[in-house]
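Please open the structure in your viewer and keep the sequence panel visible. The tour proceeds by selections, each followed by a description of what is found there.

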Amino acid sequence: MPVFTSRLPKASPRPSPRSGDPAWSTVNPAHNPGDLGGWTYRPAAARPNAALVVVLHGCTQTARSYADHAGWKTLADQEGFVLLCPEQRRGNNANLCFNWFETADVTRGQGEAASIAAMVMAAVDQHGLDPARVFVTGLSAGAAMAGAMLATYPELFAGGALIAGLPFGEAAGLQQALATMGHGGRMGPAALGHRVRAASPHAGPWPRVSIWHGAQDTIVTPAASEQIAAQWADVHGLTGRSTAVRTGPH
């Protein structure tokens, strides 16, 4: 997961990722301080008051490629939920990573986090969706940003799924990001939980979190998944021995 970042002049608006396909539409919230692109995909099977799944791509990916190739578009067609696909711009990050390690982009009311939150509210309103059934997921840098969204705007989400992600608030800046990716963070559960609780005025209930991580991941240490679990267990006030389910070859 490359994390090199370089702020360049703001890019011009982009066309819809599927010109001529009415299922795709652009999301242009009035408030977009992080200068992100964004689209929604509403399948024919979607009914009024459908659920919304926010999908955040990984580094070097685009919103369209991740939605297509990771199967989210197919799942939306099958299950009838609407997709919201924010997209990073190269002017924000040279490798198209969401800036999960930049404090200005993961603070409530600022940067990319505020842009994604505004897109969520715009998509719910535009498509007449159920605000109680909004979920967020992401891969790698997208997972770290999904975790930031759950922390900074917990009232917007019923739950989230983090795939090869990192704990919220552990890294501030590029060097800490690289260290956390390679070796994991240094904060304990209480300190990590405090970072989430301090990120918004929300007092609960908190969104549920599903954590997925490959045991052979050489980019983001699998230990990060344990730290994410510890962080959110502390937020939820859970105690006792944790359990994990392993799938695939052991």
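In what follows, helices and strands are runs assigned by DSSP, a helix having at least four residues and a strand at least two, and they are numbered from the N terminus. The model on the screen is predicted.

**The whole chain**

Begin by selecting the entire protein chain and colouring it by helix and strand. It has seven helices and seven strands. Followed along the sequence, they appear in the pattern β-β-β-α-α-β-α-β-α-β-α-α-β-α. Of the 250 residues, 50% count as buried. If a surface is displayed, about 11,700 Å² of the chain is exposed, and carbon and sulfur atoms supply 55% of that area.

**The sheet**

Next, select the strands. Seven of them form an open sheet with mixed pairing, in the order β1-β2-β4-β3-β5-β6-β7. At its edges are β1 (24-26) and β7 (208-212), each of which pairs on one side only. On average, neighbouring strands of this sheet are turned by 20 degrees against each other, direction ignored. In general, the strands of a sheet pair through backbone hydrogen bonds, either parallel or antiparallel.

Now zoom in on β1 and on β2 (residues 37-41). These two strands run antiparallel and are joined by three bridges. Select Trp24 here: which residue of β2 stands opposite Trp24? The residue is Tyr41.

**Two helices against the sheet**

Select helix α3, residues 111-127. This helix lies across β1, β2, β3 (52-56), β4 (82-87) and β5 (134-139), and runs at about 145 degrees to β3. Then add helix α4, residues 141-152, which packs on the sheet and touches β3, β5, β6 (159-163) and β7. The direction of α4 makes about 150 degrees with that of β5.

**Backbone exceptions in the loops**

Most residues other than glycine have a negative phi, and most peptide bonds are trans. The next three selections depart from this pattern.

Select Leu96, in the loop between β4 and α3. Leu96 has a positive phi of about 60 degrees although it is not a glycine. Is Leu96 buried or exposed? Its relative accessible area is 7%, so Leu96 is buried, the limit for that term being under 20%.

Move on to Ala164, in the loop between β6 and α5 (174-183). Ala164 likewise has a positive phi of about 60 degrees. With a relative accessible area of 10%, Ala164 is buried.

Finally, select Gly204 and Pro205. The peptide bond from Gly204 to Pro205 is cis, with omega near 0 degrees. Pro205 is placed in the loop between α6 (189-197) and β7.

Note on methods
Residues numbered from 1 in each chain as written. Predicted model: local features only at pLDDT ≥ 70, side-chain atom pairs only at ≥ 80, totals over all residues. Heavy atoms only, no water. Pairing = 2+ DSSP bridges. Axes fitted to C-alpha atoms, helices over the stretch in contact; angles between N-to-C directions. Contact = heavy atoms within 4.5 Å. Buried < 20%, exposed > 50% of the residue type's maximum accessible area, 1.4 Å probe, protein only. Areas by Shrake-Rupley, 256 points an atom, 1.4 Å probe, with all protein chains shown as cover.
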